[in-house]
Amino acid sequence: MPPQEPGAGSGAEPDGLEDRLRRFATIWSRAIFPVTATSLTRPEFERHLLPLARELSGALHARPFDPAPAHGVGAALVAAHCTDPDALSRTLGVVDSYLVLYCRDAEAPPGPPGPPDLPAEELRARCARLQHALAAGFAQALRERTRTEQESIARSALSARSFAERALHATEARFRAVFEGAAIGIGIADLEGNVLEVNGALTRMFGGLERHVRGRKVSEWVHPEDAPHVWNLYGELVRGERDHFRVEKPFYRGDGTVLWTNLTVSLLRDTEGNPQYTLALMEDTTERRLLNLRLRYEATHDALTGLPNRTLFFERLDKALSAGDGARFGLCYLDLDGFKAINDSLGHAAGDRLLVEVADRLQSVATRPGEMVARLGGDEFVALTTGTDTERQADELAHRILAALATPIRLDGRELTVRGSVGIVEGPAGERGSAEVLRSADITMYRAKSAGGNRFERADPEADARAITRHGLTTALPAALEREEFFIEYQPLVHLGDGSVHGAEALVRWCHPQHGVLGPDRFIPLAEHTGLIVPLGRWVLQEAVRQARFWNRRHSDGGPLRINVNLSPTQLHHTGLVADIVDVLDRFGLEPGALCLEVTESALIGADEDLLKPLRQLAEMGVDIALDDFGTGYSNLANLRRLPVSVLKLDRSFTQGMQRHPADPVDLKIVEGIVSLAHSLDLAVTVEGVETGVQAEQLRELGCDTAQGWYYARPGAPDRIHSLVLADAV
């Protein structure tokens, strides 16, 4: 276990990165100094480790991530005589326990701020890969050092043996001492492949029995995982075409277990330069290989569920997308419906157990060739299938996924019904990158979720483009308000009795730098979703009131022009609504009676007194409240008596039937009934969507008070309102 840092967890304010690196180097030196053969004092050794700590910290935060510096750190430890195996084990323990803790955030360089700090999960994954690289660098450096020393010793031993006639006894003793005392396995074979000599280290590698090694033929050591070129290299060696080669090679031990080695085979020639013997040097790398496999597994698998993680999934997806020869792929992107509610109500521990159960079910259904399941994070999973008929396979896989989730999951005595939304992307390999595919799957998944969930949807390029545009508009909204990209157009409200301009409705527009002028239907829902509707609505109110005050000053002899401003449902819930409106009216000097606030019928369906209270306050001040889009919300007409409204604004759907000749009698009766009801409740009636003179006349005869529509004028600049010539109005 790595030594505990003094003062850790004391709650002191965090120091700078350099101070934390020094503490990390202190912990490191305390861990490995006792097992290091060095002439340095411990403080000197600590200063030697500090630059290596900087290398690890820099690699942890590098963008893009590259574990190569950790490989150099491992080699540097060997160069500093930290060659004891315990030094590597202790170093890996220190890096695993303290690197992320002390180097969790990189010190920002001068200049503009860089990208945000990496999440803890990503830092832990990077730390695991750095350990992997450090261990590999340590082992490679130690192997090179040992190989160089031992190969020199072995060559000396064989040279001594060739001069056995002149110094037989002395040379034999010296050769045996070197040969048997070597730390790595050494074997000598003739050119026919017969093993002539092996040392104790090699015998122990193969299980401790000399009969498992001596006397065998080299050709008997074929292993299924041999690299294809291994035996070609051996043939070239015994023919004298090369002097040595080095490979990673597995062997079967006598008990059937596998021994992994770094194998170096050299050719020994006689005095005339002809091939005579082969010399094999073997380093047992079995444990290091297992360590590498464990570190690789931890770096590429989700710690909670054991599924492949984002890293491994992208490796597999990249491979699938780069395949040729008519290869196709299918990807199912799954997000659990309502998982946040489970986490919030039952706790994260229960949520984790649910995710583990979901992962097990997904793994049990994605078992066909070419299929895999991974967890991207949170409650998001992906399933990948490859082949030549992935359109059918992806649909079948999505059906299997939803069917697997259909059975309730028992947690803490409760049965939880888990549902999911799946987005499917399928197509030929080589046309799109992995990021584009995953983005399309994510968009499609949310389309399935918005359609009610517990279903799957297939990717649609047009829907993807619309979603990407919506996302771009959403992210651009805050800056657009600051850059004053919004403007207001005004559509006149005409009094049907005499054709005079009664007022105007303020309609906000967005002059987008790329998409041009956008109507409110393109961005108001996005502003509602992000909460930006409150500052945007306040700006619209200010501009509209300011313009209304300007009109009324210029036309004081004709009575005040009323300005209609739309209120969204989010604004109705805003606590400062009344104060904002009073402040704007007072600041610009507009009478409350010249302002009409339009609220959609759907926003007031089932409204309680808390929601109606601010509207009542405004109505008591003299502000008109209009019920917009009346007739589309299926509200109880009796509810009109409890609403603080003074105007009903009929939806344009009621007037569309009047565009035909003769007019639809049903529409006429409906409008007549609504007008009669409204007037009996002392409510004025405004009609939208008037496009013809015939419509206008019919609405006047039915008793409607005011109207607006293209028949009178399209929405336009504010200076058009006072100059309108309504020649066709009656």
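Me: What does the side chain of Gln571 reach at 3.0 Å, and what makes that a polar contact?

Reply: In this predicted model, the Gln571 side chain comes to 3.0 Å from the backbone nitrogen of Ser568. The cut-off for a pair of N or O atoms is 3.5 Å, and 3.0 Å is within it, so the pair counts as a polar contact.

Me: Why is Gln571 called buried?

Reply: Its relative accessible area is 8%. Buried means under 20%, so Gln571 qualifies. Gln571 sits in helix α18, residues 569–572. Leaving aside residues up to four places away in sequence, Gln571 touches Ile533, Val534, Gly537, Arg538, Asn566 and Leu577.

Me: And Glu18, what makes that one partly exposed?

Reply: Glu18 has a relative accessible area of 26%. Partly exposed runs between 20% and 50%, so that's where Glu18 lands. Glu18 belongs to helix α1, residues 17–32.

Me: Which residues does Glu18 touch, once those up to four places away in sequence are set aside?

Reply: Leu50 and Arg54. Leu50 is 32 residues from Glu18 along the chain, and their C-alpha atoms are 9.4 Å apart.

Me: On to the cysteines. How many disulfides turn up in the whole structure?

Reply: Zero. Take Cys127: the closest cysteine sulfur to its own is in Cys103, 9.4 Å away. A disulfide needs the two sulfurs within 2.5 Å, so this pair is too far apart for a bond.

Me: How do you know whether Cys127 and Cys511 are buried or partly exposed?

Reply: Set each value against the cut-offs. Cys127 has 0% relative accessibility, which is under 20%, so Cys127 is buried. Cys511 has 40%, which falls between 20% and 50%, so Cys511 is partly exposed.

Me: Which residues of helix α16 are buried, and how do you know that they line one face?

Reply: The buried ones are Phe523, Leu526 and Ala527, in a helix that covers residues 520–530. Looking down the axis of α16, the buried residues fall within an arc of 100 degrees, so they line one face. As background, an α-helix has 3.6 residues a turn, so residues three or four places apart point the same way.

Me: What do the buried residues of α16 pack against, and what is on the face turned away?

Reply: They pack against the helices α15 (461–482) and α17 (533–554), along with the strands β13 (486–495), β14 (501–512) and β15 (516–518). The face turned away from the buried side carries Asp521 and His529, both exposed.

Me: What follows α16?

Reply: Gly531, with a positive phi near 85 degrees.

Key. Residues numbered from 1 in each chain as written. Predicted model: local features only at pLDDT ≥ 70, side-chain atom pairs only at ≥ 80, totals over all residues. Heavy atoms only, no water. Buried < 20%, exposed > 50% of the residue type's maximum accessible area, 1.4 Å probe, protein only. Helix = DSSP H or I, 4+ residues; strand = E, 2+ residues; numbered from the N terminus. Arc of directions from axis to C-beta. Contact = heavy atoms within 4.5 Å. Polar contact = N/O pair within 3.5 Å; in protein donor to acceptor, adjacent residues only side chain to side chain.
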